[in-house]
Amino acid sequence: MLDVAVEEARAGLAEGGIPIGAALFAGDGTLLGRGHNRRVQDGDPSMHAETAAFKAAGRQRDYRTTIMVTTLSPCWYCSGLVRQFGIGAVVVGEAQTFSGGHDWLAEHGVDVTVLSDERCVGLMTDFIAARPDLWFEDIGEVP
């Protein structure tokens with residue numbers, strides 16, 4: 001499942017955006033939706049990878065058995081989306097370069113798995129070194 005999110009992150013980077021990808025899966029592993037951070041490409045500060053994947057999945061009757069897979073620890077905005085809709089599990093590619101709300105999600109009953117995937121770490125480490133201005137904008141910090 002992480003491979004889908006990594007493909008999305010690479011697509012976002014190739015488009016000149018931030019290399020964060022995500023995918024929403026049904027409990028049986030069926031891909032429901034995929035997407036990547038499109039804040040730069042769309043000029044839309046709300047289009048994070050998780051929100052793009054969520055939107056692409058369309059309406060679901062129940063999210064409790066779904067799995068959100070993301071290349072990077074979800075920010076508070078995306079963590080709120082997981083809680084709001086009751087997504088049951090989150091798989092995080094890495095939380096070294098940014099540690100968002102995954103611990104908070106786990107404290108509130110979401111099944112969280114952090115993989116420390118080297119592909120994900122490398123994508124973000126390289127991006128942050130190359131574009132710190134864009135990264136700080138994305139996470140809402142002033143360098």
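A residue counts as buried when its relative accessible area is under 20%, as exposed when the value is over 50%, and as partly exposed in between. The legends below describe close-up views of a predicted model.

**Figure 1. Arg39 and Glu137 join two helices through a salt bridge.** The closest N and O atoms of Arg39 and Glu137 are 3.8 Å apart. Arg39 lies in helix α2 (residues 39–42) and Glu137 in helix α7 (residues 132–138), so the bridge links parts of the chain that are 98 residues apart. With a relative accessible area of 12%, Arg39 is buried, because this value is under 20%. Its partner Glu137, at 47% relative accessibility, is partly exposed.

**Figure 2. Glu7 and Arg34 form a salt bridge between a helix and a strand.** The closest N and O atoms in this pair are 2.9 Å apart. Glu7 belongs to helix α1 (residues 2–14), whereas Arg34 belongs to strand β2 (residues 31–36). The two residues are 27 residues apart, and their bridge links distant parts of the chain. Glu7 is partly exposed at 45% relative accessibility, and Arg34 is also partly exposed, with a relative accessible area of 32%.

**Figure 3. Further salt bridges include a pair and a network.** Arg38 is bridged to Asp42, with 2.9 Å between the closest N and O atoms. Arg38 has a relative accessible area of 23% and is partly exposed; Asp42 is partly exposed as well, at 42%. Elsewhere, salt bridges connect Asp3, Asp117 and Arg119 in a network. The model has 10 salt bridges in total.

**Figure 4. The largest nonpolar core contains 25 residues.** The residues with the most contacts inside this core are Ile20, Leu24, Phe54, Met68, Ile87, Val90 and Trp135. At least two core residues come from each of β1 (21–25), α3 (49–57), α4 (76–85), β4 (89–92), α6 (118–130) and α7. Helix α3 gives the most, with four residues. A second, separate core has 11 residues, including Leu2, Ala23, Ala89 and Cys120.

**Figure 5. Ile87 and Leu81 are in contact within the model.** Leaving aside neighbours within four places in sequence, Ile87 is in contact with Leu24, Phe54, Tyr63, Thr66, Met68, Leu81, Val82 and Val110. Leu81 is located in helix α4 and is buried, with a relative accessible area of 11%. Not counting residues up to four places away in sequence, Leu81 touches Thr51, Phe54, Met68 and Ile87. Leu81 and Glu50 are 31 residues apart along the chain, and their C-alpha atoms are separated by 8.4 Å.

**Figure 6. Helix α3 is largely enclosed by the rest of the structure.** This description applies because seven of the nine residues of α3 are buried. The buried residues are Ala49, Glu50, Thr51, Ala52, Ala53, Phe54 and Ala57. Their cover includes the strands β1, β2 and β3 (67–70), together with helix α4. After α3 comes Gly58, which has a positive phi near 70°.

**Figure 7. The largest pocket holds about 200 Å³ of space.** Its lining is made up of 16 residues, and those closest to the centre of the pocket are His48, Cys75, Phe98, Asp138 and Ile139. Helices α3, α4 and α7 each supply at least two residues of the lining. These three helices also each supply at least two residues of the largest nonpolar core.

**Figure 8. Ser116 has a positive phi although it is not a glycine.** The phi of Ser116 is about 55°. Ser116 is found in the loop between strand β5 (111–114) and helix α6. At 39% relative accessibility, Ser116 is partly exposed.

**Figure 9. An annotated domain covers residues 1–112.** The unreviewed UniProt entry annotates this stretch as "domain: CMP/dCMP-type deaminase". Over residues 1–112 the chain is 38% helix and 19% strand. The C-alpha atoms at the two ends of the stretch are 14 Å apart.

Terms used
Residues are numbered from 1 along each chain as its sequence is written. This is a predicted model: local features need pLDDT of at least 70, side-chain atom pairs count only at pLDDT 80 or more; totals for chains, interfaces and linings use all residues. Side-chain values use heavy atoms; hydrogens and water are left out. UniProt positions are given in the numbering used here, feature names are shortened, and annotations may be inferred rather than shown by experiment. A salt bridge is a side-chain nitrogen of Lys or Arg within 4 Å of a carboxyl oxygen of Asp or Glu. Buried means under 20% relative accessible area, exposed over 50%, partly exposed in between (1.4 Å probe, protein chains only). A nonpolar core is a set of buried Ala, Val, Leu, Ile, Met, Phe, Trp, Tyr and Cys residues joined through side-chain atoms within 4.5 Å. Contact means heavy atoms within 4.5 Å. On a 1 Å grid over the protein atoms alone, a cavity is a set of points where a 1.4 Å probe fits but cannot get out, and a pocket is an open set with protein on both sides within 12 Å along at least five of seven lines; lining residues have an atom within 4 Å of a point. Grid points are joined across faces, edges and corners, and a volume is the space filled by probe spheres set on the points.
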